[in-house]
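Please look through the structure below slowly, with the sequence beside it, before reading the explanation that follows.

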Amino acid sequence: MMHPMSMEKQSVTTTDFTQMEALIILLDSGVLDTRETIQQVRVLAQCQQPFVLAAMKRWILSPNPLIGQVAVDYVASYDSAPTAYLMDCLLDSTYMVRISIVQALGELKSAQAVPTLLTLLETPNQRGSTLRLSVIKALGKIGDPTIADRIRPYLNDQDAHVRQNVGATLAILGTPSQENIS
Amino acid sequence: MTDYTQCFLYVEDDALSREILQIIMINAMGVHHLHVLEDSQDFMQKIVALPQKPDVILLDINVMPIDGFTMLQQIRADARYADTVVIALTASVMNEEVARLRKGGFNGAIAKPVNVMSFPSLIDRVLLGETVWHVV
């Protein structure tokens, strides 16, 4: 059997099941360094198979946020019901992965995620503005106009990126910011 | 795996954005030379003081005390950095902002927050001399 580490140069096909399973075991063992791990997780992410999906679902909660980011992207792409699973992982994930989950929910245009995203937005003591920014962008992509009044206060956010994106999101939702109304 | 021997400079005042990019560039990409500035105070003096001339400069736009556009003007005004690739890292989704970046003379833009799925390949394209406008 070809060693999993040499698979990077190969095109991954759905017939490489044994190699894929060996690679998952190798990755779970934690013997690879971070760079090799990320490289191999990205190789694995090219393979759309149920057992890979199962591994990726576990890895969303990996302590390594880079593995978690790849896993979120995979689950969002290949799970049959990604929204519910990603929302379940949201609060247990690392901060960096939480941002990726929020981005994925936006890309999925998950209307059912709107209440969760609004709660996340309004949760105090967030670490920096990046999560608020990601939530605002995701809400804009989902496009539910009923959330306009909940995000309007963030036109006064301390972070310029957040303020700009709230204005853009309100415009997308068809509800202009106060300055435009007056 | 790509061996990143180039020198990168990142100017960013948001701590988490700095942390995310550093984790991706150092841990996932294996970049050897990444310098980070937490603000734009005395920007050009700090660049000149670096042990290597940066090959690629990644600039947040809304940095204090001088913004990304002004930093770019200062870079371009110094002949030593005329060929340095300068990429804006922006959270803006607005077309007007992207148009301003293009008109301002940036070599490209990458949307924030960055992630490990897309950022390494975008940097690879930048290093190949491609123009990258990845704003989503």
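Among contacts in chain A between residues at least 6 apart in sequence, what percentage join residues at least 24 apart? The figure is 60%, where two residues are in contact if their C-beta atoms, placed from the backbone, lie within 7 Å. This is a predicted model, in which local features need pLDDT of at least 70 and side-chain atom pairs count only at pLDDT 80 or more, while totals for chains, interfaces and linings use all residues. Residues are numbered from 1 along each chain as its sequence is written, and chains are lettered from A and ligands numbered from 1 in the order in which they are written.

Chain A has eleven helices and zero strands, where helices (H or I, at least four residues) and strands (E, at least two) are DSSP runs, numbered from the N terminus. Of the 182 residues of chain A, 43% count as buried; a residue is buried if 20 or more other C-beta atoms lie within 10 Å of its own, exposed if 12 or fewer, and partly exposed in between, with C-beta atoms placed from the backbone.

Helix 2 of chain A, residues 34-44, has among its buried residues A:Ile38, A:Val41 and A:Leu44. The buried residues of this helix pack against helix 1 (17-29), helix 3 (50-59) and helix 4 (65-78) of chain A, and also against helix 1 (15-28) of chain B.

A second place to look is the pair formed by helix 8 (residues 130-142) and helix 10 (residues 160-172) of chain A, whose axes come within 9 Å and cross at roughly 10 degrees. Axes here are lines fitted to C-alpha atoms, for helices over the stretch in contact, and angles run from 0 to 180 degrees between N-to-C directions. That crossing makes helix 8 of chain A roughly parallel to helix 10 of chain A, since angles under 35 degrees count as roughly parallel, over 145 as roughly antiparallel, 65 to 115 as roughly perpendicular and the rest as oblique. By class, their contact has seven nonpolar, four polar and two charged residues; Ala, Val, Leu, Ile, Met, Phe, Trp, Tyr, Cys and Pro count as nonpolar, Asp, Glu, Lys and Arg as charged, and the others, Gly among them, as polar.

The largest nonpolar core has 85 residues, and those with the most contacts inside it include A:Leu117, A:Val135 and B:Ile24; such a core is a set of buried Ala, Val, Leu, Ile, Met, Phe, Trp, Tyr and Cys residues joined through C-beta atoms within 7 Å. Helix 4 of chain A gives the most to this core, with eight residues. Leaving aside residues up to four places away in sequence, A:Leu117 touches A:Val102, A:Leu105, A:Val135, A:Ala138 and A:Leu139.

Where the chains meet, 20 residues of chain B are in contact with 24 residues of chain A, and the chain B side divides into 13 nonpolar, six polar and one charged.

Finally, some backbone details deserve a look. Most residues other than glycine have a negative phi, and most peptide bonds are trans. A:Lys109, in the loop between helix 6 (95-107) and helix 7 (114-122) of chain A, has a positive phi of about 50 degrees although it is not a glycine. The peptide bond from B:Met64 to B:Pro65 is cis, with omega near 0 degrees, and B:Pro65 is found in the loop between strand 3 (56-60) and helix 3 (68-76) of chain B.
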